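Student: Please take a close look at one part of this predicted model, the packing of its helices, and then at the empty space around them. I would like the residues named.

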Amino acid sequence: MSQTSQQYDAVITTCRDLFSKKMKDYGSAWRILRLPSLTDQIFIKAQRIRGLQTLAESKVDEGQESEFIGIINYSIMALVQLEKGVVEQPDLTLEQSLELYDYHVGITKQLMMDKNHDYGEAWRDMRVSSLTDLILQKLLRVKQIEDNEGKTIVSEGLDANYQDMINYAVFAMIHLGAK
């Protein structure tokens, strides 16, 4: 499992680097986004990946990897919004944003390590298309929870679903990198 940890960190380094560069370009403008807006952004990315996996031709010259990076970064933004709430104006510096990014990645990675231990790295035998479908399923669950005003009766909450999407997207990136 140390290989998984190292591969996970490598994927997150790529995602964090892009997040940092976009923060330098745009600041924390994303802080005004409500959760449904972030969920919809993730949904668009996941739908595009599914399209790339099923269509014979792509008209935009960006592959699955960039979309999985988007899913990871938007999901981390959603976790920050869950923790801090939505604001009317950008309010985070680059350093504050990266600190929050690292905090939520740390929690999410630990969840992955715990589940990975219990499931025996079953994700390694999964197809990228299955990971995509699981992300889409999680998105539909998140939309339903959002429609229920964040309340669940027996199910995991929004944070667990965003964390699972991050981890599925990281697994997909690891698979794509191995090809």
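Tutor: In this predicted model, helices α4 and α6 are roughly perpendicular to each other, because their axes cross at roughly 70 degrees. The two axes come within 10 Å. On the α4 side the contact uses I107, T108, L111, M112 and K115, and these meet Q163, D164, I166, N167 and F171 of α6. Sorted by class, the residues of this contact are 5 nonpolar, 3 polar and 2 charged.

The helices α4 (94–119) and α6 (158–178) also each give two or more residues to the lining of the second largest pocket. That pocket has a volume of about 300 Å³. It is lined by 14 residues, and those closest to its centre are K115, Y119, W123, Y168 and F171. K115 and F171 are therefore to be read twice, since K115 of α4 and F171 of α6 are also among the residues that make the contact described above. With 5 residues, α4 gives the most to the lining of this pocket. The class count for the lining is 8 nonpolar, 2 polar and 4 charged residues.

Next come the contacts of α3. The axes of α1 and α3 come within 10 Å and cross at roughly 70 degrees, so this pair too is roughly perpendicular. The crossing of α1 past α3 is right-handed. From α1 the contact takes V11, I12, T14, C15, L18 and F19, and from α3 it takes I69, I72, N73 and M77. By class there are 8 nonpolar and 2 polar residues in this contact, and no charged ones.

Helix α3 also packs against α2, which spans residues 35–54. Here the axes come within 9 Å and cross at roughly 165 degrees, which means that α2 runs roughly antiparallel to α3. The crossing of α2 and α3 is left-handed. The α2 residues in the contact are L35, L38, Q41, I42, K45, A46, R48, I49, L52 and Q53, while α3 contributes Q64, E67, F68, G70, I71, Y74, S75, M77, A78, Q81 and L82. These residues divide into 12 nonpolar, 6 polar and 3 charged. M77 of α3 appears in this contact with α2 and also in the contact with α1.

That leaves the space around α3. Rolling a probe the size of a water molecule over the atoms shows where empty space is left. The largest pocket holds about 430 Å³ of space. Its lining has 18 residues, and K22, Y26, N73, Y74 and M77 are the closest to its centre. Both α1 (2–26) and α3 (64–84) supply at least two residues of this lining. The largest share, 7 residues, comes from α3. By class the lining has 10 nonpolar, 4 polar and 4 charged residues. Of the residues closest to the centre, N73 and M77 also belong to the contact of α3 with α1, and Y74 and M77 to the contact of α3 with α2.

There is also enclosed space. A search of the whole structure finds 1 cavity of 30 Å³ or more, and the largest cavity holds about 30 Å³. Its lining consists of F19, W30, I76, M77, V80, S97, L100 and Y101. Both α3 and α4 supply at least two residues of that lining. By class, 7 of the lining residues are nonpolar and 1 is polar, with no charged residues.

To connect the parts, follow M77. It takes part in the contact of α3 with α1 and in the contact of α2 with α3. M77 is also one of the residues closest to the centre of the largest pocket, and M77 is listed in the lining of the largest cavity. F19 of α1 is in the contact with α3 and lines the largest cavity as well. On the α4 side, K115 belongs to the contact with α6 and is among the residues closest to the centre of the second largest pocket.

Technical notes:
Residues are numbered from 1 along each chain as its sequence is written. This is a predicted model: local features need pLDDT of at least 70, side-chain atom pairs count only at pLDDT 80 or more; totals for chains, interfaces and linings use all residues. Side-chain values use heavy atoms; hydrogens and water are left out. On a 1 Å grid over the protein atoms alone, a cavity is a set of points where a 1.4 Å probe fits but cannot get out, and a pocket is an open set with protein on both sides within 12 Å along at least five of seven lines; lining residues have an atom within 4 Å of a point. Grid points are joined across faces, edges and corners, and a volume is the space filled by probe spheres set on the points. Helices (H or I, at least four residues) and strands (E, at least two) are DSSP runs, numbered from the N terminus. Ala, Val, Leu, Ile, Met, Phe, Trp, Tyr, Cys and Pro count as nonpolar, Asp, Glu, Lys and Arg as charged, and the others, Gly among them, as polar. Axes are lines fitted to C-alpha atoms, for helices over the stretch in contact, and angles run from 0 to 180 degrees between N-to-C directions. Angles under 35 degrees count as roughly parallel, over 145 as roughly antiparallel, 65 to 115 as roughly perpendicular and the rest as oblique. A crossing is left-handed if the near helix is turned anticlockwise from the far one by less than a right angle, and right-handed if clockwise. Contact means heavy atoms within 4.5 Å.
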